[in-house]
Amino acid sequence: MSKESIQNPQPKIQNLNRRHLLGLSGWGAEEIQLVLQTARRFREVLERPIPQVPTLRGTTVATLFFEPSTRTKLSFQLAASRLSASTVSFSKSGSSVAKGETLKDTAQNIEAMKTDLVVLRHPSPGAPHFLARHLDAALISAGDGAHEHPTQALLDLLTMAERFETFEGLRVSIIGDVAHSRVARSNVFGLRALGAEVTLCGPPTMLPSHPAGLPGVRTTSALGDALDGCDVAMALRIQLERQDEPLFPSLRAYHAHFGLTRAHLDAHPGLLVMHPGPVNRGVELESEVVDHERAIILDQVTNGVALRMAVLYLLAGGGAEDEGAA
Amino acid sequence: MPGTRLMSARDLGRTLDRMARQIVELITPDVPAGGEELRNEELRNNAGSPEGRFGEGRGLALVGVQRRGVHLARRLSGKIREAEGAEVPVGALDATLYRDDVGAAGGASGSGAAGAIRAIRATRIPFDITGRDLVLVDDVIYTGRTGRAALDALMDMGRPASVRFLVMIDRGLRELPIRPDITGRTVSTLAGERVHVRLSEEDDREGVWIDH
């Protein structure tokens, strides 16, 4: 206990004073640390002979995915079942119905089904905020357009926290199509709240046009500059399916300028490599880098279920801690 | 501010000494006539054997309920080591995830008024509980709900040979049929009162107090 207290101090707050997780914008360090610490407890639960607890028995979690996703959706569903919650799943092609109308219809359906927690992925930025206003249920964003993907960022933070003693002064470079990445935005908010230094790196076409909207970050288009003195390099996925308006000349050219290679790892002996997956081998990361011991991509996946259990748990209650004497 | 003191640090120490002896008696098979010396010798002999009550891989173990039950369990283990020369392993259990006042079960579903969320503390049981004689250790028993949650949590982790329940303070007012096997002190309380066991590992003072 005493050893652990040093490594992972008990968060100063006992519960989230929030109904929803729509994004990490505006979240404070204590709130994030509470989520991370709770997720560490659930990592232990997942190692038990019966990796399930009855905590959310009688709770219903609805997963609504208006965008294709396998891993995030499975991760949420597994997290819910490990907590003994029941899950219902909506998937919509969304092509035939106007978005506003669809969401409002969906909201009414969710109301009628008496769900307690709603997990939403939607191509429109702000869709979770819209739905949250129309529902009594707690809403968890699983990604909205190019806006935010808060649970991905939280599991990234959990993975980093396992490797470094503190976020204070930690240097993280996020490399790739930053401007269109919800993963990058959520990570910037989370990392900045915890005191890390963030560098955004990519071709000028992929860097945010208004970095002022992401306070306290540095931008560069030189990979060497981004890796200099860097602790964690987080490569973003190049969305091959979204290249209708090319942002770079060719994949080969992208890899030549922004792909992480074995040579980079050799030149920066402390550097850890992360990636939200799925990796395009030979594009964002050289194949050898993906399999390198300093690539902690599979740790990220492992942490996904525990982190999402923590979010479901913390948002399922919403009451205040009763520090009563047994 | 501390309310009325029920037990001093010395009271706590003496009570722990007595409870450590009770644990040993509880799990020791019928002692043949001949008394203390023979029994101790038997315990020492058994200490090294896998069949013994203090044996490796089975036998006696203490499981403290977070937070202060863990400290009490560690102290009891230390006292048994001093008195019997036997090493009794200690685990830490957090039963929060098994409580009946957390999540949907603790409040109206879908209304946003579900049960209180509590911080989860570490569960670390560094031994297989299956086949062991466990003593569950907590600081206070009140409604019995924590004890029920802790038992359910334990049962999901294995199949102990037996589970006994030890508490420092039994303050009555049970809501479930849960009863401690070893009690430090029984105190009559009212529902609005609060009983605080304070331990130096966790707090800036040591003893038991009641707030009226």
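What follows is a quick walk through the fold of chain A, its open sheet and the surroundings of one arginine.

The model is a predicted one. Chain A holds 12 helices and 9 strands. Of its 326 residues, 54% are buried, and the accessible surface of the chain adds up to about 13,600 Å², with 51% of that belonging to carbon and sulfur atoms. As for contacts with a separation of 6 or more, 72% of those in chain A come from residues 24 or more positions apart.

Now to the sheet. Five strands of chain A make up an open sheet, in the order β7-β6-β5-β8-β9, and the pairing is parallel. Its edges are β7 (217–220) and β9 (272–274), each of which pairs on one side only. From one strand to the next, the twist averages 20 degrees. Inside this order, β5 (residues 171–175) and β8 (residues 232–235) of chain A run parallel and are joined by 4 bridges. One bridge partner in β8(A) is A:Val232, which goes with A:Val172.

Then there is A:Arg182, a residue of helix α7 (residues 182–194) in chain A. With a relative accessible area of 11%, A:Arg182 falls under the 20% cut-off, so it counts as buried. Its side chain makes a polar contact with the side chain of A:Glu67 at 3.1 Å. A polar atom of the A:Arg182 side chain also lies 3.1 Å from the backbone oxygen of A:Gly145. Setting aside neighbours within four places in sequence, A:Arg182 is in contact with a set of residues that includes A:Arg121, A:His122, A:Asp144, A:His147, A:Glu148 and A:His149.

Terms used: Residues are numbered from 1 along each chain as its sequence is written. Chains are lettered from A and ligands numbered from 1 in the order in which they are written. This is a predicted model: local features need pLDDT of at least 70, side-chain atom pairs count only at pLDDT 80 or more; totals for chains, interfaces and linings use all residues. Side-chain values use heavy atoms; hydrogens and water are left out. Two strands pair if DSSP finds at least two bridges between them. Helices (H or I, at least four residues) and strands (E, at least two) are DSSP runs, numbered from the N terminus. Axes are lines fitted to C-alpha atoms, for helices over the stretch in contact, and angles run from 0 to 180 degrees between N-to-C directions. Buried means under 20% relative accessible area, exposed over 50%, partly exposed in between (1.4 Å probe, protein chains only). Contact means heavy atoms within 4.5 Å. Accessible areas come from the Shrake-Rupley method with a 1.4 Å probe; for residues, only the protein chains shown count as cover. A polar contact is a pair of N or O atoms within 3.5 Å; within protein, one must be able to donate a hydrogen and the other to accept it, and residues adjacent in sequence count only if both atoms are side-chain atoms.
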